[in-house]
Every structure is written in C-alpha cells, then in structure tokens.
Amino acid sequence: MRLNNKKAIITGAGTGIGRSIAERFCIEGAEVMVAEIETDGGEETVKQIINSGGKAIFHETDTSKEDSVQSMIEATVSEFGGIDIVVNNAAAF
C-alpha cells in the first residue's frame, strides 16, 4: 500500500476521474476526503469506498468559494488529524 496512513483531499470526487482517483487512493491505503459540490455524487463515492473496505468522508465543497474550502480543510483535519495530499480535480463548466 503506497499511500498507507496518508490523508488526502480529492476535489471533484463525485464522478468520473475524481471518483476514480479517490477509489484508487483508498485501495493504496489513504484516508480520503471526498470534496464535491454535488451531494449525491459525493455521498455515492464515499459509499462505494466504504463498501470496498476503504475510509472516506464527504464534504459538500464549492471550490470557487473561500469559506467553503476553509470548511473542507477544517473538516479534514478534524476527522483525519492532518492533510498529506491534495488533488485539485474540481472543474467549472
């Protein structure tokens, strides 16, 4: 497990590439904060990770808003005790 005991934030992790990154990080041993603006997608990613034996939590996050990002960081540190990796995958269309 290459990411054993690492704490990661993955933005845009509710679908697609972000979800795949979050799932892979958990397979490699990381604890993952699924940061996503769409609640349904974020919660589904967490459900899939937990059902596979990984550890993940969801935080509704709008990366275009500083207070939302700050809240996500605080939630991650509170839950996991720190942050080792950040993958900024969120996109706006």
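# A walk around helices H1 and H3

On the side of helix H3 that faces away from its buried residues, Glu66, Asp67 and Ser78 are exposed. That's a handy place to start, with the reminder that this is a predicted model.

Turn H3 around and you meet the buried set, made up of Ser68, Met72, Thr76 and Phe80. These residues cover an arc of only 75 degrees around the axis, which puts them on the same side of H3. The spacing is worth a glance too: an α-helix has 3.6 residues a turn, so residues three or four places apart point the same way. As for what lies over that buried side, the cover includes strands E1, E2 and E3.

The length of H3 checks out. With 15 residues at 1.5 Å a residue, H3 should span 21 Å, and its end C-alpha atoms are indeed 21 Å apart, which agrees. Just after the helix comes Gly81, with a positive phi of about 85 degrees.

Before leaving H3, look at Val77, which sits in this helix, residues 66-80. Val77 has 38% relative accessibility, so it counts as partly exposed. Val77 also belongs to a nonpolar surface patch together with Ile73, Ile83 and Val86, and the four share about 280 Å² of accessible area.

Now over to helix H1. Here the buried residues are Gly18, Arg19, Ile21, Ala22, Phe25 and Cys26. Seen down the axis of H1, they fall within an arc of 160 degrees, so they line one face of the helix. On the other side of H1, you'll find Ile17 and Ile27 exposed. The buried face has plenty of named partners: what covers it includes E1, E2, helix H2 (39-51), E3 and strand E4 (85-87).

The same ruler test works for H1. Its 12 residues, at 1.5 Å each, should span 16 Å, and the end C-alpha atoms are 17 Å apart, which agrees. And H1, too, is followed by a glycine with a positive phi: Gly29, near 105 degrees.

Gly29 leads us to the start of the chain. Asn4 lies in the segment before E1, and its C-alpha atom is separated from that of Gly29 by 4.0 Å, although the two are 25 residues apart along the chain. If you leave aside the neighbours within four places in sequence, Asn4 is in contact with Glu28 and Gly29. At 43% relative accessibility, Asn4 counts as partly exposed.

Glu28 brings us to the charged pairs. Side chains of opposite charge can pair when their charged atoms come close, and this structure holds five salt bridges. One of them joins Arg2 to Glu28, with the closest N and O atoms 3.3 Å apart. Arg2 is in the segment before strand E1 (7-11), while Glu28 is in the loop between helix H1 (16-27) and strand E2 (31-36), so the pair ties together parts that are 26 residues apart in sequence. The two ends sit in contrasting surroundings: Arg2 is exposed, with a relative accessible area of 67%, whereas Glu28 counts as buried at 11% relative accessibility. Step back a little and Arg24 comes into view as well, since Arg2, Arg24 and Glu28 are linked in a network of salt bridges.

Next, look at Glu31, where two more bridges come in. The side chain of Lys7 meets that of Glu31 in a salt bridge, 3.6 Å from N to O. Lys7 is in strand E1 and Glu31 in strand E2, so this pair ties together parts that are 24 residues apart in sequence. Both partners are tucked away: Lys7 is buried, with a relative accessible area of 17%, and Glu31 counts as buried at 18% relative accessibility.

Glu31 also forms a salt bridge with Lys55, where the closest N and O atoms are 3.7 Å apart. Lys55 lies in strand E3 (residues 55-60) and Glu31 in strand E2, so here again the pair ties together parts that are 24 residues apart in sequence. Lys55 is partly exposed, with a relative accessible area of 35%.

Conventions
Residues are numbered from 1 along each chain as its sequence is written. This is a predicted model: local features need pLDDT of at least 70, side-chain atom pairs count only at pLDDT 80 or more; totals for chains, interfaces and linings use all residues. Side-chain values use heavy atoms; hydrogens and water are left out. Patches are made of residues with over 30% relative accessible area and no salt bridge: like charges are joined within 9 Å, nonpolar side chains (Val, Leu, Ile, Met, Phe, Trp, Tyr) within 5 Å. Accessible areas come from the Shrake-Rupley method with a 1.4 Å probe; for residues, only the protein chains shown count as cover. Helices (H or I, at least four residues) and strands (E, at least two) are DSSP runs, numbered from the N terminus. Buried means under 20% relative accessible area, exposed over 50%, partly exposed in between (1.4 Å probe, protein chains only). The expected span of a helix is 1.5 Å times one less than its number of residues. The arc is that of the directions from the helix axis to the C-beta atoms. Contact means heavy atoms within 4.5 Å.
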